[in-house]
Amino acid sequence: MTSAALRMHAHRLGWLASMLALFCSTAAQAWGPAAHRIVAQLAEGQLQADARVKVRQLLTLSDARHLSDVANWADDLREDPDQREFARATARLHYVNFADSACRFEADRICANGQCVVAAIDHYAAILADSSRPLAERAEALRFVVHFVGDVHQPLHAGYRPDRGGNQYQVRIDGKGSNLHSVWDSRVTASARLGWSRHAERLARMAPLADASEDPVAWARQSCRLTRDAGIYPDSRNIDSAYLERMRPIAERQMRLAGKRLANVLNRALD
Ligand SMILES: [Zn+2]
């Protein structure tokens, strides 16, 4: 190779490496993009007429048409150099760490100053509902609510073990090192082998869930208990397809609950 070609090659490799690093860092921090889109799509299908119109208006301010278009915005902020500060300031709003396996919500201890996903949902839902606020602010609140209702239903976003939501719980999958949080963010949902939109359609066709829970505290506690009781922490550090198959119905039920509860939040805020 000529030196120019070598430089080009090195440049491409560097680019590839940085894209990979980007992909891995996002994958390790977030209920995956597909799951967030699925939740948003499920919610959109359950909006009442009034709320639907108002959601559309607010989405226009975000250059979007569907809730699924903005469902990952709160995570994507991290990759935008102009928004890094804002991403850092809101990082604690994506999760809540319970103190122990009793999964008690002691706000002073685990959500001081409203710095957790439970308080964030209430905070932004209130802004969304306040028609005296500027539209841009309410549009931003909508983007946050859509994302955080998804997050609180990813069990590892509301667990109690001191392992940063499974980020420090090392596992192997397909012969490679990974961590439990990352497996839950993407691999469990992806094991359905459908695109997010077809996956959402399939879940939307299932019989409605009997659920009347309107309290984000209860949603977080439910996630916490799942991390304790549902076999989410595997017996073996080797994640196999049997584990993914076993976990997928749990993840799907969480996405359906999240979709329904998100729709309720939006219907209440925008009726
Ligand atoms: Zn998040």
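This is a guided tour of a predicted model, stop by stop, with a selection to make at each one.

**Stop 1: the zinc ion**

Select the zinc ion and show the side chains around it. Its protein donors are His94 through ND1, His147 through NE2 and Asp151 through OD. They lie 2.1 to 2.3 Å from the metal. Along the chain, the donors follow the spacing H-x52-H-x3-D. Now colour His94 and Asp151. This pair links distant parts of the chain, 57 residues apart. His94 sits in the loop between helix 6 (84-89) and helix 7 (107-110). Asp151 belongs to helix 9, residues 135-152.

Is His94 buried or exposed? His94 counts as buried because its relative accessibility is 2%, and buried means under 20%. Asp151 is at 0% relative accessibility, so Asp151 counts as buried too.

**Stop 2: the sheet**

Switch to a cartoon view and select residues 170-173, which form strand 1. Then add strand 2 (176-179) and strand 3 (238-239), the edge strands. Each edge strand pairs on one side only. The three strands make an open sheet in the order 2-1-3, with mixed pairing.

How do strand 1 and strand 2 pair? The pairing is antiparallel, over four bridges. Two places to check are Ile173, which stands opposite Lys176, and Arg172, whose bridge partner in strand 2 is Gly177. The two strands form a hairpin with two residues between them. Select Asp174 in that turn: it has a positive phi of about 55°.

On the other side, strand 1 and strand 3 run parallel, joined by two bridges. Here, the bridge partner of Ile173 is Ile239.

Now show the side chains of strand 1. Val171 and Ile173 lie on its covered face. Gln170 and Arg172 lie on the uncovered one.

**Stop 3: helix 10, on the sheet**

Keep the sheet visible and add residues 180-190. This is helix 10, which packs on the sheet and touches strand 1, strand 2 and strand 3. The direction of helix 10 makes about 90° with that of strand 2.

Where does the helix begin? Show Asn179, which caps the N-terminal end of helix 10. A side-chain oxygen of Asn179 lies 3.0 Å from the backbone nitrogen of His181.

How many of the 11 residues of helix 10 are buried? Eight are, so helix 10 is largely enclosed by the rest of the structure. To see them, select Leu180, His181, Ser182, Val183, Trp184, Asp185, Val188 and Thr189.

**Stop 4: two packed helices**

Select helix 12 (residues 216-229) and helix 13 (residues 241-269). They pack at an angle of about 175°. Their axes are 12 Å apart. Why do they count as roughly antiparallel? The cut-off is an angle over 145 degrees, so helix 12 and helix 13 qualify as roughly antiparallel to each other.

Next, show the side chains at the contact. From helix 12, pick Trp219, Gln222, Ser223 and Leu226. From helix 13, pick Ile250, Arg253, Gln254, Leu257, Arg261 and Val265. In a helix, residues three or four places apart point the same way, because an α-helix has 3.6 residues a turn.

**Stop 5: a buried arginine**

Go to Arg78, in the loop between helix 5 (73-76) and helix 6. Arg78 is buried, with a relative accessible area of 18%. Add Asp75 to the selection. A polar contact of 2.9 Å joins the side chains of Arg78 and Asp75.

**Stop 6: two loop residues with positive phi**

Select Asp63, in the loop between helix 3 (49-61) and helix 4 (67-70). Asp63 is not a glycine, yet its phi is positive, about 55°. Is Asp63 buried or exposed? Asp63 is exposed, with a relative accessible area of 76%.

Finish at Arg193, in the loop between helix 10 and helix 11 (196-204). Arg193 has a positive phi of about 55° and is not a glycine. Its relative accessible area is 76%, so Arg193 is exposed.

Conventions:
Residues numbered from 1 in each chain as written. Predicted model: local features only at pLDDT ≥ 70, side-chain atom pairs only at ≥ 80, totals over all residues. Heavy atoms only, no water. Donors = N, O, S within 2.8 Å, 3.2 Å for Na, K, Ca; no water. Buried < 20%, exposed > 50% of the residue type's maximum accessible area, 1.4 Å probe, protein only. Pairing = 2+ DSSP bridges. Contact = heavy atoms within 4.5 Å. Axes fitted to C-alpha atoms, helices over the stretch in contact; angles between N-to-C directions. Polar contact = N/O pair within 3.5 Å; in protein donor to acceptor, adjacent residues only side chain to side chain. Parallel < 35°, antiparallel > 145°, perpendicular 65-115°, else oblique.
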